[in-house]
Structures are given as structure tokens and as C-alpha cells.
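User: I'd like the calls in this model set against their cut-offs. Please keep the answers brisk.

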Amino acid sequence: MGEPYYIGGKLTRSPNSIPVIFSYTGEKYAEICLAGMDDQARAADCATLGFAETKILPGHRRAEILRLIADKIEEHREEFVQILIHESGKPVRQAHLEVTRAVSVMRISAEESVRLTGKVIPMDSTEFGEGYTGYYYKVPSGPVLCITPFNYPLNLACHKIGPAIAAGCSFVLKPSTKTSLSALLLARMVLEAGYPANAVNVVPCFGSNAETLVRDPRFTVLSFTGSPAIGWRLKELFPGRRISLELGGNAPAVVYKDADLAYAARRIAEGAVVNAGQSCISVQRVYLHDDIYDTCLAMILEHMRSFVVGDPRLPETDVGPMISEMEAVKTEEKIKQAVIRGARILVGGVRDGALFYPTVLERTSSEMGVCSSEMFSPMIIVRRYSDFDEVTRMVNESRYGLQGSVFTNSLDILEKAAMEFEGGTLVINDYPTFRADSMPYGGIKLSGIGREGPKYLIDEFMEKRLVVVRHRFSFV
């Protein structure tokens, strides 16, 4: 029988289940129950009831709960690590890092939960406002719906649940069916920490079935992380309500001729293969100045050849399997199509089951899928440029706009890039794969709308309620 899910804080089972596959071996690691339509509706009912309790929780109590959750995640570190390795194929070192970040997200959310300050607004900037003062409160918006992907199943769940608790909102979380075990264990930590039971709902189900939840008018906010095709579809189903979409990218890294080449090459290679390239901000497009092209490319290739690919359970492994053999095959096919159209493989291009070896392509063009789509795999394309205006055009022709980076020692180039880069974040002198959990995170174009990071998603989960007071006294 499959692992149960949570409705109103209670363990719930269904007759339908799905295996959790350890993609390195292809063997079944566990099995989870799938929530049906009726259970999803019950989860929404419970979240509605739970909101009556969460909205009146004082800030110090929300902060205490969040700190307890952080402590419990740390106490269960080894259990979470083993789940992350087996449900997502994450190498053990990266699994530990994800747990560390999850703890950090909950602690940051705890700090933010007692900083929910309002603002006094002078009204006398016009004659109509003379004699009035305005101020606004921040109040919880209502039950929130959160949908998370497979690639960082614990940390991204924390990035939604932490702000929901900090804001005083009940929640329904729909995790990826491939990686629900970590979310279910997290829900247990939330309940043990004392968050009201009705407010805690985690319902694994297929994406198509989740539209029932999205259409439910009782959810005031939808926070979604996943593919553009699904994200924009959900926006259509969620009209008139607030929505936060983080939808991926094909991150560019630009190396200018004055950069520290050894450092840039190492960071680019690391950013290309972390989590088997299955990150929205994984390095995908690399642009090298003509003057340093051959030297920097040779350094990148050396690093890409040096990574240990294999069993994610071993501490020496740098690159584990992709989430499934099917996804690795898709990557293989896209690369083959690029080669047919003139691209050249400089290193890698090899698949072994769900493992895909670090890969570098040269002689690509913008219309190739390896350049224009999100590859979500451990591969990069490398192109040369002659001046910064040219590379700016190449970077901005992408349909995505999440994060990018420029390696340079020139203040002029930094300022030019900051003004002209089309994306949510520009990183200078590090890879675009950088994310600090406290920072505002999100993009433009196909990459989504809104910003995550606890402080910023808390704002999305709260309403600003304005109070206007007419003075009934004289200042004279």
C-alpha cells in the first residue's frame, strides 16, 4: 500500500498509487497514494476551515512554529537526504545542501513573520486629503495553493510553506508525483511543530487532476513552480486572483576578455552540471569573447571531463542520474538534432540509462532547440562574440528571462550589462546558477511573473488593508 497523504492534517489513503523510482537503478524505492478529485475538494474544505485558525495566530507564535520546523528538518536530516537521493537521484552532497537550505528558508521565514509592518500614508498631498491620515495593515489573504516540481522537492516546498505560515495562511501543497516523499515528511514536521491541522494539506496527484484545485475560488493565491506551458495554462484558470509563476529559463553566462578565465571556466562548468543540470538557472548558454575563446573553452572542457558521473549514493559523485531515463532520452534526441543541423559535440553527448554525461556543444545557432529551449540537463552550448553589443543581442533573443551572469573586471561592462540584460537577476563574476534563499527570485518573459524568497512571497500571500481616518480635532 502506498504512503498516505495529508488532508486536514490527517493521514489519508486512496486505492490509487504510483511508484517512486530510483532513477539510477530503475528500481522502485517506495509507493505513494494519489489523491482523487473528492480528496482534493476535501483538502480545499479543510484549508478554508484552517484559515480561521491561522489568520489569528500572533506573529511570535508563527515564528516559534517555523523555528521548530527548521529544528525538526535538521533532526531528520539523514532521513531527508536518503529520500532526496532516491526520489530525485540527487548526489549525496547536493542532498545535504538542499536540506541545509530548507532549514535556512524556514528560519528566514520565522524572522520575516514578525516584520510584517504596515505604513502610514499622509493624505494631505492634495486638498481633498487635507484632514485625513491613511495607514495600512498587512492581513493574511486566505487559503493558498502551492504547486512544486521534482528538481528541488524539499527546498521549493519550504519556499512556499514557510511564507504561507509566516503570513498566517492555510495551504494545500501539490508536489510532483515523482518526488512527493520529501513533501509528505515535511508536512509531518509542520504538524509536529504545532501548525493547525486543518491548515496542513499535501495532496500528490497528476497535474491534469490538479486543475480542480486551481479552479476552486476559495484559494486566494496560487504559487507555482514548473514548466511555462503548464504555468501559463494555470494562469488562465485562476482569473482575478493573485498568482506567482516561476517557469524556468536557459541561463546565459558571458565571459568578457578581461575576466579571470580560470575562475570563470570552473564556475561555468559547475553551474552546468549541478543537480544534473535540472535547475531553472543551470548554465546553458555560454558566450566567450573572441580574444579569450580558445583558452577559456579549453579550461571549460577540462572541468567538464573531470566530473564524476554515477551512483548518487557515493560521496565522490558530482553528477547523478536525471529524474528518469525518458528525460535523458529527450536530451539525447535534442542534441542529435542539433548535430544533424551542424552543431559539434566537444565533450560528452553520452547517455547511460538515466545518466547523461556533461556535454559541451559548439557551432550552434539560436534557432536550435539546444539554444532556444530549456534543456534541463548537464549540457552547455558555447558561442563566440566580438563586442558587448553583439553578445547583449544574443543573450536577449531568448524567450526566457530568469537569471544570467557576466564575468568581467570592467565597471563599464558591469553597468552596461545591468542596464541592458533582460531578466530578473544579473550575477556579476559568478555563475547564473547562484541563488541565496533570502533574495527576490523570479523572471520575465516566459520565465514567469512575481518574485519568490520568503519576504517577497509573504507579500504575495497578504493583503494591504487601508484604513483612512478623518481628523475630528483641530491642530490650532
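User: What makes you say that H11 lies across strands, and at what angle to S17 does it run?

Analyst: H11 lies across S14, S17 and strand S18 (379–385). Its angle to S17 is about 25°. Contact means heavy atoms within 4.5 Å. Axes are lines fitted to C-alpha atoms, for helices over the stretch in contact, and angles run from 0 to 180 degrees between N-to-C directions. Helices (H or I, at least four residues) and strands (E, at least two) are DSSP runs, numbered from the N terminus. The model is predicted, with local features needing pLDDT of at least 70 and side-chain atom pairs pLDDT 80 or more, while totals for chains, interfaces and linings use all residues. Residues are numbered from 1 along each chain as its sequence is written, and side-chain values use heavy atoms, without hydrogens and water.

User: Why do S14 and S17 count as paired?

Analyst: Two strands pair if DSSP finds at least two bridges between them. Three bridges join S14 to strand S17 (residues 359–362). Three bridges satisfy that definition, so S14 and S17 are paired. They run antiparallel. One bridge links Arg-344 to Glu-362 of S17.

User: Which sheet holds these strands, and what makes a strand an edge strand there?

Analyst: The sheet is open and has seven strands, ordered S14-S17-S18-S13-S12-S20-S21. Its pairing is mixed. An edge strand here pairs on one side only, and strand S14 (344–347) and strand S21 (425–428) do that. The twist averages 25° from one strand to the next.

User: What is the order of the three-stranded sheet, and which of its strands are edges?

Analyst: The order is S5-S6-S24, in an open sheet with antiparallel pairing. Strand S5 (119–122) and strand S24 (462–470) each pair on one side only, which puts them at the edges. Neighbouring strands are turned by 25° against each other on average, direction ignored.

User: How many bridges tell you that S6 and S24 pair?

Analyst: Nine bridges, in the antiparallel sense, join strand S6 (residues 132–140) to S24. The pairing definition asks for at least two, so nine bridges meet it. One of the bridge partners is Met-462 in S24, across from Pro-140.

User: How do you know whether H4 and H5 are parallel, perpendicular or oblique?

Analyst: Two packed helices are described by the angle between their axes and the distance between the axes. The axes of H4 and H5 cross at roughly 10° and come within 9 Å. Angles under 35 degrees count as roughly parallel, over 145 as roughly antiparallel, 65 to 115 as roughly perpendicular and the rest as oblique. H4 and H5 are therefore roughly parallel to each other. On the H4 side the contact includes Glu-98, Arg-101 and Val-105. On the H5 side it includes Leu-154, His-159 and Ile-161.

User: What makes up that contact by class?

Analyst: It has 10 nonpolar, four polar and two charged residues. Ala, Val, Leu, Ile, Met, Phe, Trp, Tyr, Cys and Pro count as nonpolar, Asp, Glu, Lys and Arg as charged, and the others, Gly among them, as polar.

User: What makes a space a pocket or a cavity?

Analyst: On a 1 Å grid over the protein atoms alone, a cavity is a set of points where a 1.4 Å probe fits but cannot get out, and a pocket is an open set with protein on both sides within 12 Å along at least five of seven lines; lining residues have an atom within 4 Å of a point. A volume is the space filled by probe spheres set on the points, with grid points joined across faces, edges and corners.

User: Where is the largest pocket, and what is its volume?

Analyst: The volume is about 1000 Å³. Of its 40 lining residues, Pro-149, Phe-150, Gly-226, Ser-227 and Ile-230 are the closest to the centre. Strand S10 (221–225), helix H8 (228–236) and helix H11 (325–340) each give at least two lining residues. The lining counts 19 nonpolar, 13 polar and eight charged residues.

User: Which helix gives the largest share of the second largest pocket's lining?

Analyst: H4 does, with five residues. Helix H4 (92–112), helix H5 (153–167) and helix H9 (261–273) each supply at least two. The pocket holds about 630 Å³.

User: How many cavities are there, and what lines the largest?

Analyst: The search of the whole structure finds three of 30 Å³ or more. The largest has a volume of about 110 Å³. Among its 14 lining residues, Val-254, Phe-388, Val-395, Val-406 and Phe-421 lie nearest the centre. H13 gives the largest share, five residues. By class there are nine nonpolar, four polar and one charged.
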